[in-house]
Amino acid sequence: MSHKSPVRLLAAAALAASVFATSACSDPASGTGGGDKQQVSIVGFSILKTANKQLVADFQKSDAGKDVEFSESYGPSGDQARAVIAGLKADEVHLSLEPDMTKLTDEKLVADDWKSGPNKGIVTQSVVSIVVRKGNPKNIKVWADLIKPGVRIVTPNPGSSGSAKWNILAAYGQVIAGGGSDADAQDYLKKFLGNVAAFPGSAKDATTTFEGGTGDVLLSYENEAIQARAAGADFDYLIPDQTLLIQNPGAVTTDAGDAAKAFLDFQLSKEGQTDYAKQGFRPFDDSVKVDVPGANDPADAFPTPETLLTIDKDLGGWGEANTKYFDEKDGIVTKLIAASGKS
Amino acid sequence: MASVDIATAPDAARTRRPRTRRSLTGGSGLALGVTMIWFSLLVLIPLTAVLISAAGLGLGGFWEVVTQPQTAAALRLTVVESLMVTALNVVMGTALAWVLVRDRFWGKSLVDIVIDVPFALPTIVAGLVLLSLYGPSSPLGVNVANTRIAVFLALAFVTLPFVVRTVQPVLESLELDVEEAAASLGAGRFAAFRRVILPSLIPAIAAGAALSFARGISEYGSLVLLSGNLPAQTEVASVRVLTFIENGNREAASAVAAIMLLVALLVILVLDVIQRRLARRGD
């Protein structure tokens, strides 16, 4: 939309204004209501909308959370970060990838030491998975199968969806993990992009497009594949032998109260991680054992891949990777994508 | 200012002094003030903000952004497809309005209502409808997903009502006598349409075309699902804008937006000139 940015600005402003208005109204009301209810505003990326329901309910049952009320906002990770910068009230932010969190630390909305905890600021994690049609008619098993002639790939647009970067980096990184050079990885990615049938705007759009019949393969997060299947989607997924660990950061904002910190602690606790595991996120704690509806094997939902790449260990961390691969002018992926249209 | 005007207004009326064009009555002065404030808040200030933000790039930076091959291709695609869709709407929209006003058939009032649906539908829902109708699992056996035809279809779908809705009321208010008079003076049906009816419709058609084009170049939601956003093939300008925003490059996003603004202005201007010229020829 040509008027996108003013519209978004206005929308953000209106949202912020309405949040201020409602919080201004509700503060005195809750004050007279007797108990000291504490308000916590969660701002999170899209997929958490479903996942956080159980968490919030369980937290409110605990001692730390019994007097805490929540207001929640979910949307695309980048949009959410921008909304918080534009004034959306947030006590806890839970985003899809670190560069979005960096936007908030740059604005001093989140303290610079947000990564200092034992989890290094990561609250939920998953892995990049390959979703295929029911029964896997194209017999996709490994990354090399994706670049065979005639295989059509759907993956969200890494330009308009920050979270799509995980998928592209997984495709790139697995070549390196297999002993390939940067040149080999670029060669692979070039063929991969040549097979892309659609670059939908977001992970959600990509799933919709794939379910609408486009493509043989959908690159998705494991938890999204699991959640879609639990909700009735009729497709299979597999975890390739080499894949990338997806790490979703979370932090409290600089002016958040104790309740927000308590909620973040709860998210990282065994109980919190169990709730997330039920929704398809890989728990930090190996001792978490739950049935995961929608998983290939609900009883053993999270098979360990042969090689699990991480952004820090294998791709130089987000600070470096974002510039190297996604810089608007010179990013390796940016250039390959631009070139892919000219075949 | 306004209250003074209101107090003196009766006196002014009594003396019957002819008003100069610059003096407004209190009421209309107030109305003008409110309108301008509203218009400024809603339109002028945000648009200026876009231009200022784009200006942050400087001329060289601006040029670099909009001539970058992927962005230029997206801009070209958006403008060309919008022009094509607008041309289609001018013909089909006028025909539809004609049928709705002049013909009687079963289900007419239903069609009359349904025409607004593409416009009223949330765009992402429109996108879903189009994907299920013209995507890989199309019940019609038509699969145009991830091609430029998909972009065209989505734009045609959401812009359908504009020309119909601007032409329809004008056509309704046209007296049949005029046509009969033309016929009695020896004009054939075609001549009567071209010389009598069309000139009165042209302002409405032009207004509808402008709306349709403006909507076309700004469209996002209805086409992203079906078009696949393939760079240099089916990626439209709004996806480029989103990409720049996602990467924190607000200036570049504004630069693309500014180009779209200019194109919209230009097209509206051209339509206005065409309309004036054609309307004059009809006299």
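Trainee: Before we look at chain A, where do domain bounds come from?

Mentor: They come from an automatic or database domain assignment. Keep in mind, too, that this is a predicted model.

Trainee: Okay, so into which domains is chain A divided?

Mentor: Domain 1 of chain A takes in 4-124 + 248-290, and domain 2 of chain A takes in 125-245 + 303-340. Their C-alpha centres lie 27 Å apart.

Trainee: And how many residues of the two domains of chain A are in contact?

Mentor: Contact here goes by C-beta atoms, placed from the backbone, that lie within 7 Å. On that basis, 19 residues of domain 1 of chain A meet 17 residues of domain 2 of chain A. On the domain 1 side, helix 3 (77-85), helix 4 (98-106) and strand 4 (122-133) of chain A supply at least two residues each. Helix 4 of chain A gives the most, with three. By class, that side has seven nonpolar, nine polar and three charged residues.

Trainee: What about chain B, how is that one divided?

Mentor: Into domain 1 (1-55) and domain 2 (59-282). The C-alpha centres of these two domains of chain B are separated by 34 Å. Their contact takes five residues from domain 1 of chain B and eight from domain 2 of chain B. The domain 1 side of chain B has four nonpolar residues, one polar residue and no charged ones.

Trainee: Now the chains together. How is the size of an interface often given?

Mentor: Often as the accessible area lost when the parts come together. For this pair, let's go by residues: the contact takes 30 from chain A and 42 from chain B. On the chain A side, helix 1 (4-32), strand 6 (196-198), helix 8 (203-211) and helix 14 (332-340) give two or more residues. Helix 1 of chain A gives the most, with four residues. That side of chain A divides into nine nonpolar, 16 polar and five charged residues.

Trainee: Let's try a single residue. Why does A:Ala233 count as partly exposed?

Mentor: Count neighbours: 20 or more other C-beta atoms within 10 Å would make a residue buried, and 12 or fewer would make it exposed. A:Ala233 has 18 C-beta neighbours inside 10 Å, so it counts as partly exposed.

Trainee: Where is the place of A:Ala233, and which residues does it touch?

Mentor: A:Ala233 sits in the loop between helix 9 (222-230) and strand 8 (235-238) of chain A. Leaving out residues up to four places away in sequence, A:Ala233 touches A:Glu211 and A:Ala228. For a longer reach, take A:Val68: this residue is 165 residues from A:Ala233 along the chain, and their C-alpha atoms are separated by 35 Å.

Key
Residues are numbered from 1 along each chain as its sequence is written. Chains are lettered from A and ligands numbered from 1 in the order in which they are written. This is a predicted model: local features need pLDDT of at least 70, side-chain atom pairs count only at pLDDT 80 or more; totals for chains, interfaces and linings use all residues. Ala, Val, Leu, Ile, Met, Phe, Trp, Tyr, Cys and Pro count as nonpolar, Asp, Glu, Lys and Arg as charged, and the others, Gly among them, as polar.
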